[in-house]
Amino acid sequence: MEIKIEAYTIEDLAEIKDIWNEVVEEGNAFPQMDCLTEETTKEFFEKQDYVGVAKVDGKIEGLYILHPNNVGRCGHHANASYAVRAKVRGKKIGERLVKDSLLRAKELNYQLLIFNAVVKGNNRAIALYSKLGFQKVGEIPNGFLLKDGSYQDTIIFYHIL
């Protein structure tokens with residue numbers, strides 16, 4: 001299985017919208033409650049500093065977005081989100097996306113990559129971030145509204161670039 005990470009193109013928008021929306025609809029990782037539409041997709045991805053897509057044997061199976069976590073005196077902090085198609089999770093695609101985002105964030109002159117709200121219980125992501133050297137800052141009680149209406153704690157992580 002060959003995994004290649006590259007910058008998205010306009011031709012990728014329909015595929016990456018579907019992958020992104022799959023995670024939004026699951027309701028246990030992304031803060032967004034509304035899916036991207038045909039009208040909002042292009043604008044959403046164009047606003048990012050970088051969008052990387054994971055192609056597995058030529059087919060898009062995942063993506064990440066990279067953008068500022070803050071502004072002004074904290075503008076050197078980046079934030080990222082990752083989405084992998086459900087049917088191919090556990091095949092190291094997410095790991096490749098995270099590693100690529102660390103390199104890309106550094107190239108874009110960020111000094112830190114910060115995750116504000118990793119949902120407790122997202123064990124694969126938590127294990128991956130720990131493996132890749134992210135430091136846990138702490139937990140926010142009831143920081144995330146799950147799809148079922150209950151709340152779950154969130155964890156803050158950072159990685160120095």
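Buried means under 20% relative accessible area. Tyr 82 has 14% relative accessibility, so Tyr 82 counts as buried. The legends below describe close-up views of a predicted model.

**View 1. Tyr 64 and Tyr 82 form a tilted aromatic pair.**
The structure holds 13 aromatic pairs. In this one, the ring centres of Tyr 64 and Tyr 82 lie 6.1 Å apart. Their planes meet at 40°, so the pair is tilted. Tyr 64 sits in strand β3 (residues 59–68). Tyr 82 sits in strand β4 (residues 77–84). The two residues are 18 residues apart, and their pair links distant parts of the chain. Both Tyr 64 and Tyr 82 are buried.

**View 2. Tyr 82 and Phe 115 meet edge-to-face.**
Here the ring centres of Tyr 82 and Phe 115 are 5.9 Å apart. The planes stand at 90°, so this pair is edge-to-face. Tyr 82 belongs to strand β4, and Phe 115 belongs to strand β5 (residues 112–119). The pair therefore ties together parts that are 33 residues apart in sequence. Phe 115 has a relative accessible area of 3%, so Phe 115 is buried.

**View 3. Seven named rings make up one aromatic cluster: Tyr 50, Tyr 64, Tyr 82, Phe 115, Tyr 129, Phe 134 and Phe 157.**
Tyr 64, Tyr 82 and Phe 115 are among the members. Tyr 64 and Tyr 82 supply the tilted pair of View 1. Tyr 82 and Phe 115 supply the edge-to-face pair of View 2.

**View 4. Helices α1 and α2 cross roughly perpendicular to each other.**
Two packed helices are described by the angle between their axes and the distance between the axes. Helix α1 (residues 13–26) packs against helix α2 (residues 38–46) at an angle of about 95°. Their axes are 10 Å apart. Angles of 65 to 115 degrees count as roughly perpendicular, and α1 and α2 are therefore described that way. From α1, the contact uses Leu 13, Ile 16, Lys 17 and Trp 20. From α2, it uses Glu 38, Thr 41, Lys 42, Phe 44 and Phe 45. By class, the contact of α1 with α2 has five nonpolar, one polar and three charged residues.

**View 5. Asn 21 is a buried residue of helix α1.**
Asn 21 has 8% relative accessibility, so Asn 21 counts as buried. Beyond its neighbours within four places in sequence, Asn 21 is in contact with Cys 35 and Leu 36. Cys 35 is partly exposed, with a relative accessible area of 29%. Cys 74 is partly exposed too, at 29%. The structure holds zero disulfides.

**View 6. Glu 95 is buried in helix α3.**
Helix α3 covers residues 93–107 and includes Glu 95. Glu 95 is a buried residue, with a relative accessible area of 12%. Neighbours within four places in sequence set aside, Glu 95 is in contact with Leu 128, Lys 131 and Leu 132.

**View 7. Gly 75 lies in the loop between β3 and β4.**
At 31% relative accessibility, Gly 75 counts as partly exposed. Gly 75 touches Asn 70 and Tyr 110, not counting residues up to four places away in sequence. Asp 100 is 25 residues from Gly 75 in sequence. In space, Gly 75 and Asp 100 are 20 Å apart, C-alpha to C-alpha.

Key: Residues are numbered from 1 along each chain as its sequence is written. This is a predicted model: local features need pLDDT of at least 70, side-chain atom pairs count only at pLDDT 80 or more; totals for chains, interfaces and linings use all residues. Side-chain values use heavy atoms; hydrogens and water are left out. Helices (H or I, at least four residues) and strands (E, at least two) are DSSP runs, numbered from the N terminus. Buried means under 20% relative accessible area, exposed over 50%, partly exposed in between (1.4 Å probe, protein chains only). Contact means heavy atoms within 4.5 Å. Axes are lines fitted to C-alpha atoms, for helices over the stretch in contact, and angles run from 0 to 180 degrees between N-to-C directions. Angles under 35 degrees count as roughly parallel, over 145 as roughly antiparallel, 65 to 115 as roughly perpendicular and the rest as oblique. Ala, Val, Leu, Ile, Met, Phe, Trp, Tyr, Cys and Pro count as nonpolar, Asp, Glu, Lys and Arg as charged, and the others, Gly among them, as polar. A disulfide is a pair of cysteine sulfur atoms within 2.5 Å. Rings of Phe, Tyr and Trp (its six-membered ring) pair if their centres lie within 6.5 Å; planes under 30 degrees apart count as stacked, over 60 as edge-to-face and the rest as tilted.
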